[in-house]
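This briefing goes through a few parts of one structure, topic by topic. Please keep the sequence and the coordinates open while reading.

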Amino acid sequence: MPSVSQSIKALQQERREEQATQERRREIARNPKYNRIREQFPDAGPFRRELYPKQMLFFRSGAEYTERCFMAANRVGKTRAGACELTYHLTGKYPPWWEGRRFHHPIEAWAAGSTLETTRDIVQAELLGKLGPGSYTSPGESIGRGTGMLPLAASARCSRVRAAWRTQWIRSTCGMSPEGPASSGSRATSRGAPALRAPENTSSGWMRSAPWTCTWSA
Ligand SMILES: Nc1ncnc2c1ncn2[C@@H]1O[C@H](COP(=O)(O)OP(=O)(O)O)[C@@H](O)[C@H]1O
Ligand SMILES: [Mg+2]
């Protein structure tokens, strides 16, 4: 049986640890490195969204159409647009200028590429962050995680397969939403066309394969 003073000490220690955790959370929430989504499509500056009319059209069209394809030249921002839109849906935090599809509940979504490698190295990297060297055999939780479009503070937990994070549970402003991606990228058919069938409860998806980005919403 611990003495009264021992119990008080234990409680004080617990309180200090809790405060340190809260402080770390606040730091993460403030750090721009882990909040890249906030810098996307700003009102002003060299990357202001008026310079990206095709992306704006692509986003806006989501309010009307359940399936969209953004086919365009290399390096014009298709992948970035797909990652941003999925991040808005998963976190439930839409920017004030958003005119596209909105979900008012936590959703399940898929993110996929045409091969396992491109899903991991492009789709996953854009959404979650790049894996560091050495992490291909055992992707450390902290290596690069949160440096993609999904803010680290929204990342609750994840499950992994080999060199990929398989399922991510994201804190949405409306609750919790699991976002299951990476391994589905390995399902390419012999003709190279992806054969993907998302489970019925999946509300949204993003599929990236050069030269296009596609999204669907239920
Ligand atoms: N909306 C944007 N704002 C700022 N930079 C962007 C934007 N979209 C793309 N870029 C820049 O262009 C690069 C290529 O974009 P990406 O989405 O990979 O092109 P694509 O998929 O069309 O080949 C990105 O790595 C980024 O540096
Ligand atoms: Mg691309």
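Strand S1, residues 67–71, is joined to S7 by 5 bridges, and the two strands run antiparallel. The model is a predicted one. The points below cover strand S7 and its partners, residue Ser217, helix H2 and ligand 1.

**Pairing of strand S7**
- In the pairing with S1, the residue opposite Thr215 of S7 is Arg68.
- S7 also pairs with strand S6 (residues 204–209), in the antiparallel sense and over 6 bridges.
- S6 and S7 form a hairpin, with 2 residues between them.
- In S6, Ser204 stands opposite Ser217 of S7.

**The two faces of S7**
- In a regular strand, side chains alternate between the two faces of the sheet.
- S7 spans residues 212–217, and its side chains alternate along the strand.
- Thr213, Thr215 and Ser217 point to one face and are buried.
- Trp212, Cys214 and Trp216 point to the other face and are not buried.

**Ser217**
- Ser217 lies in strand S7.
- The C-beta count around Ser217 is 21 other atoms within 10 Å; a residue is buried at 20 or more, so Ser217 is buried.
- Leaving out residues up to four places away in sequence, Ser217 touches Gly62, Thr66, Arg101, Ser203 and Ser204.
- Ser204 is thus named twice for Ser217: as a residue Ser217 touches, and as the residue that stands opposite Ser217 in the strand pairing.
- Trp206 is 11 residues from Ser217 in sequence, and the C-alpha to C-alpha separation of the two is 9.1 Å.

**Helix H2**
- Helix H2 covers residues 53–61, and its buried residues are Gln55, Phe58 and Phe59.
- Seen down the axis of H2, these buried residues fall within an arc of 95°, so they line one face of the helix.
- An α-helix has 3.6 residues a turn, so residues three or four places apart point the same way.
- Pro53 and Leu57, on the other side of H2, are exposed.
- The cover over the buried residues of H2 includes strand S1 and helix H3 (78–91).
- S1 therefore appears in two settings: it is part of what covers the buried residues of H2, and it pairs with S7.

**Ligand 1**
- Which residues are around ligand 1? They are Gln40, Phe41, Phe47, Tyr52, Asn74, Arg75, Val76, Gly77, Lys78, Thr79 and Arg80.
- By class, the shell around ligand 1 divides into 4 nonpolar, 4 polar and 3 charged residues.

Technical notes:
Residues numbered from 1 in each chain as written. Chains lettered and ligands numbered in written order. Predicted model: local features only at pLDDT ≥ 70, side-chain atom pairs only at ≥ 80, totals over all residues. Buried ≥ 20, exposed ≤ 12 C-beta atoms within 10 Å, placed from the backbone. Helix = DSSP H or I, 4+ residues; strand = E, 2+ residues; numbered from the N terminus. Arc of directions from axis to C-beta. Contact = placed C-beta atoms within 7 Å. Near = placed C-beta within 6 Å. Nonpolar A, V, L, I, M, F, W, Y, C, P; charged D, E, K, R; others polar.
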